[in-house]
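Student: Hi! I'm new to this one, could you walk me through it?
Tutor: Happy to, let's look at it together.

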Amino acid sequence: MRELRIVVLTADAERFRGALMLAAAQAALGGGAAVFLQLDAVALLRAPVTAPCDAAHVGAGMPALATLLTETLALGVTVTACQSGLALAGLSAEDLPDGVEAGGPVAFLQSTGDEARLLIA
């Protein structure tokens, strides 16, 4: 199965939620998956991790964004926060949720093989 790699470009919680859901599904099927939060998107990782539509999702039997992030990481999905985005958000690597790494776009792209599916969210 081709690896799935997703770049989240904006601080849109629902795009991030969608990226996590796709990555989790990929991992559940036995494939590799990674999510990279670029620049402004890193602010979505500020504690507490929440989304405006969390109540609606929970009411429909789906997890809140923070729970989805934790479950996605538990499935082995790599979630990386852009180092420049950390600076923009006024965060440090120590502020990131457990399991989320800090890294840059060069490293993300270097680890993206030619056969990987690269999606932009």
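**Salt bridges first**

Tutor: Let's start with Asp-12 and Arg-15, whose side chains form a salt bridge at 4.0 Å, N to O. A salt bridge here is a side-chain nitrogen of Lys or Arg within 4 Å of a carboxyl oxygen of Asp or Glu. Before we go on: this is a predicted model, where local features need pLDDT of at least 70, side-chain atom pairs count only at pLDDT 80 or more, and totals for chains, interfaces and linings use all residues. Residues are numbered from 1 along each chain as its sequence is written, and side-chain values use heavy atoms, with hydrogens and water left out.

Student: Are Asp-12 and Arg-15 buried or exposed?
Tutor: In between: Asp-12 is partly exposed at 30% relative accessibility, and Arg-15 is partly exposed at 44%. Buried means under 20% relative accessible area, exposed over 50%, and partly exposed in between (1.4 Å probe, protein chains only).

Student: How many salt bridges are there by this rule?
Tutor: The count comes to four. Two of them involve Arg-17: its side chain meets Glu-14 at 2.8 Å, N to O, and Asp-54 at 2.9 Å, N to O. Arg-17 lies in helix H1 and Asp-54 in helix H2 (residues 54-59), so this pair ties together parts that are 37 residues apart in sequence. Helices (H or I, at least four residues) and strands (E, at least two) are DSSP runs, numbered from the N terminus.

Student: And how far apart are Arg-17 and Glu-14 in helix H1?
Tutor: They are three residues apart, so about one helical turn separates them. Glu-14, Arg-17 and Asp-54 are linked in a network of salt bridges.

Student: Which parts of that network are buried?
Tutor: Arg-17 is buried, with a relative accessible area of 2%, and Asp-54 is buried as well, at 11%. Glu-14 is partly exposed at 28%.

Student: New topic: what about the nonpolar core?
Tutor: The largest one has 36 residues, and Phe-16, Val-35, Leu-37 and Val-79 have the most contacts inside it. At least two core residues come from each of strand S1 (4-8), helix H1 (13-28), strand S2 (33-37), helix H3 (65-74), strand S3 (78-82) and helix H4 (83-89). The largest share, six residues, is from H1. A nonpolar core is a set of buried Ala, Val, Leu, Ile, Met, Phe, Trp, Tyr and Cys residues joined through side-chain atoms within 4.5 Å.

Student: What does Leu-37 touch?
Tutor: Not counting residues up to four places away in sequence, Leu-37 touches Val-8, Phe-16, Val-42, Leu-45, Val-79, Thr-80, Ala-81 and Cys-82. Contact means heavy atoms within 4.5 Å.

Student: You mentioned Cys-82. How many disulfides does the structure hold?
Tutor: Zero; a disulfide would be a pair of cysteine sulfur atoms within 2.5 Å. Cys-82 is buried at 2% relative accessible area, while Cys-53 is partly exposed at 34%.

Student: Last one: where is Arg-2, and what is it in contact with?
Tutor: Arg-2 lies in the segment before S1. Leaving aside neighbours within four places in sequence, Arg-2 is in contact with Gln-26, Glu-115, Ala-116 and Arg-117. Arg-2 is also partly exposed, at 43% relative accessibility.
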